[in-house]
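I opened this entry to look up ring contacts and the protein surface around the nucleic acid. My notes follow in the order in which I looked things up.

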Protein chains: 2
Amino acid sequence: MSKEKSRGADDSLKPTLWYSLLKLSELGALNRKILVSTIALAGDRGVSQQTASKHLIELDRGGYIERQASVQGNHIKITEKGRRAVEGMYLKLRSVIDKKPHMLTFKGKVVNGLGEGAYYMSRPGYREQFSRKLGFNPFPGTLNLRLVPSQEGVRRELETLPAITIKGFKRGKRTFGEVKCFPAVINDSVKGAVALIHRTHHDDLVIELIAPTHLRRSLGLREGSDVKVTIVFNS
Amino acid sequence: MSKEKSRGADDSLKPTLWYSLLKLSELGALNRKILVSTIALAGDRGVSQQTASKHLIELDRGGYIERQASVQGNHIKITEKGRRAVEGMYLKLRSVIDKKPHMLTFKGKVVNGLGEGAYYMSRPGYREQFSRKLGFNPFPGTLNLRLVPSQEGVRRELETLPAITIKGFKRGKRTFGEVKCFPAVINDSVKGAVALIHRTHHDDLVIELIAPTHLRRSLGLREGSDVKVTIVFNS
DNA sequence: ATTACTAGTAGTCGAGTAT
DNA sequence: TATACTCGACTACTAGTAA
């Protein structure tokens, strides 16, 4: 019977309780003490009176509301903890809706490039910018990744997202285009970046990774290896 | 569009499913097709792999996501219906958090006034404004309501909310103060208004109602009767 | 009127496992 | 690897009812 189920401060709000807390918020309990009967709340929530009663008891015990039950109904005010729960959900939704993804993860398979990456990365005009803007000195070479077919949209989406821009330049009669970069974590371990090289010989299913180390070696990759890339946006 | 009560697909999202849909949104499924394994989703959600799998199946059946399950995982994109669910929650939370209550309900008991209401309401300087700004011709008289003790905060909160203001005026040596009004529904049936008459002989627990009809008669009220007032804000 | 307890039941979850 | 089925255990619900 004493199965230590941490009775006291289970700080995760169960989904059904969240809905009841939300309903109380709608009734104004964030701003003032409201009077609501379990019957009325049950009607709003679409559950029974008994369930509404239990929800109030549990929200109270969890510290999300202050409550005085009386014969006229429940006098309820949402506590600071309850407010944080509501606002937390709001902030989470806002960041999701405003399509500023805080994180973007995708997978791809290693494909062999044409050795071009090494040439590009070793151009001083690029190299200096990479070092300064990304915070690491890139290994002279890129790892080419072919996205799995269903994720063909990733590259297009990346093009619309705020990137670190490496400016293009001219050297002699050759033009080096602008490169968009996204700091990324490769296989959950190595910090590097996704580089969208504008003038690419690959189709849209291939993206290139750069890192301070030789990724193939340090991660033990071969052609066809699965690689996971996680881009984290700073905000 | 009509109001189809949709057979077959239960169009109310269960709380636990909502949480899974939210998690998918966080992973970016609002914007593109993502690849996620039931194991990964389970980890994020704090449920088992089996439960995550079931949730995906039910979200799919409910029309909230498009899904292709494969041996690499689930390719998932949130549908229009799913997006509406997420955005609906966001909008609801925004209106709640931004403390612009869309609705405020309270209860009070009928108390006898001093007959002053009738005098005020019949002043042409007030009457014309009420008629024009509230959209009805007020019955010459007010219904006084004593708030239940726990709702003493309601009057104070009303003073901070956007009101329809009836300007004061002078008639002879007498000064008639400004009145703040809130369109309201009384006992879920009669459209009238709450009137905060600045210069009142009552304490803060009493508010006054006006309406196009004689409320005591049309609602069959007596002293001590319970009255429910719902103020709806336009936006 | 209320709240909220008890008891029975419907529904949800997760371990094992098939594919 | 992955998804997803079965089924026993557990959780959350509602009906009845006391206070």
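I began with charges over rings (NZ of Lys or CZ of Arg within 6 Å of the ring centre and within 35 degrees of the ring normal), and I found A:Lys81 over the face of A:Tyr64, at 4.7 Å from the ring centre. In chain B, I found the charged end of B:Lys81 over the ring of B:Tyr64, 4.7 Å from its centre.

I note for the record that this is a predicted model, in which local features need pLDDT of at least 70, side-chain atom pairs count only at pLDDT 80 or more, and totals for chains, interfaces and linings use all residues. Residues are numbered from 1 along each chain as its sequence is written, chains are lettered from A and ligands numbered from 1 in the order in which they are written, and side-chain values use heavy atoms, with hydrogens and water left out.

Next I looked up aromatic pairs (rings of Phe, Tyr and Trp, the last by its six-membered ring, with centres within 6.5 Å; planes under 30 degrees apart are stacked, over 60 edge-to-face, the rest tilted), and the structure holds 19 of them over all chains. One of them is the tilted pair of A:Tyr126 and A:Phe130, with 6.1 Å centre to centre and 40° between the planes. Both residues lie in helix 6 (residues 124-134) of chain A, four residues apart, about one turn of the helix; helices (H or I, at least four residues) and strands (E, at least two) are DSSP runs, numbered from the N terminus. A:Tyr126 and A:Phe130 are both buried, that is, under 20% relative accessible area, with exposed over 50% and partly exposed in between (1.4 Å probe, protein chains only).

I then turned to B:Tyr120 and B:Phe176, an edge-to-face pair at 6.0 Å centre to centre and 85° between the planes. B:Tyr120 lies in helix 5 (residues 116-122) and B:Phe176 in strand 8 (residues 174-176) of chain B, so this pair ties together parts that are 56 residues apart in sequence.

Last, I asked which residues come nearest to DNA strand C. Of the 21 residues around the strand (near means a heavy atom within 4 Å), these are A:Thr38, A:Gln49, A:Arg67, B:Gln50 and B:Thr51. As a polar contact (a pair of N or O atoms within 3.5 Å; within protein, one must be able to donate a hydrogen and the other to accept it, and residues adjacent in sequence count only if both atoms are side-chain atoms), I noted 2.7 Å between a side-chain N or O atom of A:Gln49 and a base nitrogen of DNA strand C.
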